[in-house]
Amino acid sequence: MKFIKKPNKCLLITLGILGFACFIMCVPYLIPELNAFFSYFAIIGIIIFLIGIAFNFITVRCPYCKGYIRSFSKYCPHCGNELD
């Protein structure tokens with residue numbers, strides 16, 4: 001997978017997925033006509049949120065030592081190699 005070489009880009013994608021999931025869960029509050037479908041939007045939002053978390057744990061890793069990167073950084077906190 002090409003994304004694994006750039007963990008900071010993967011972290012941005014993860015944040016986008018999580019933000020989209022939160023937006024989906026808020027749609028019934030923004031459009032009152034959709035209140036009847038609140039549970040469907042909540043379930044879809046939770047599924048997308050869980051996919052985002054799984055994507056984060058799979059792809060946001062150092063390409064050298066495979067250590068998990070918790071936040072945006074220039075160097076790996078585990079091995080010290082440059083990330084991007």
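## Reading the cores and helices of a predicted model

Q: Which residues make up the largest nonpolar core?
A: This is a predicted model. As a general idea, nonpolar side chains tend to be buried together in soluble globular proteins. Here the largest nonpolar core has 8 residues: Cys10, Leu11, Phe55, Val60, Cys62, Ile69, Cys76 and Leu83. Apart from that core lies another one, of 5 residues, and Ala21, Val27, Phe41 and Ile48 are among them.

Q: Let's pick one core member. What does cysteine 76 touch, not counting residues up to four places away in sequence?
A: Cysteine 76 touches Cys62, Cys65, Ile69, Asn81 and Leu83. Of these partners, Cys62, Ile69 and Leu83 are also listed in the largest nonpolar core.

Q: How many helices and strands are there in the protein chain?
A: Count 2 helices and 0 strands. Helix H1 covers residues 7–30, and helix H2 covers residues 38–59.

Q: What does the radius of gyration say about the protein chain?
A: You can hold it against the value for a compact globule. With 84 residues, such a globule would come out near 12 Å, but this chain has 16 Å. The spans of the C-alpha trace along its principal axes are about 50 × 20 × 15 Å.

Q: And what percentage of the residues is buried?
A: Buried residues are 30% of the 84 in the chain. As for the accessible surface, that comes to about 5,700 Å², and carbon and sulfur atoms hold 72% of it.

Q: How do I read contacts along the sequence? What share comes from residues 24 or more positions apart?
A: Take the contacts with a separation of 6 or more: 45% of them are between residues 24 or more positions apart.

Q: Is asparagine 56 buried or exposed?
A: Buried means under 20% relative accessible area. Asparagine 56 counts as buried because its relative accessibility is 11%. This residue sits in helix H2, and beyond its neighbours up to four places away it touches Leu11, Thr14 and Tyr68.

Q: Where is isoleucine 17, and which residues is it in contact with?
A: Look in helix H1 for isoleucine 17. Leaving aside neighbours within four places in sequence, its contacts are Ile48, Gly52 and Phe55. Isoleucine 17 has a relative accessible area of 23%, so it is partly exposed.

Q: How far is isoleucine 17 from proline 32?
A: Their C-alpha atoms are separated by 24 Å, and the two residues are 15 apart along the chain.

Methods. Residues numbered from 1 in each chain as written. Predicted model: local features only at pLDDT ≥ 70, side-chain atom pairs only at ≥ 80, totals over all residues. Heavy atoms only, no water. Core = buried A, V, L, I, M, F, W, Y, C linked by side-chain atoms within 4.5 Å. Buried < 20%, exposed > 50% of the residue type's maximum accessible area, 1.4 Å probe, protein only. Contact = heavy atoms within 4.5 Å. Helix = DSSP H or I, 4+ residues; strand = E, 2+ residues; numbered from the N terminus. Rg over C-alpha atoms; globule rule 2.2 N^0.38 Å. Areas by Shrake-Rupley, 256 points an atom, 1.4 Å probe, with all protein chains shown as cover.
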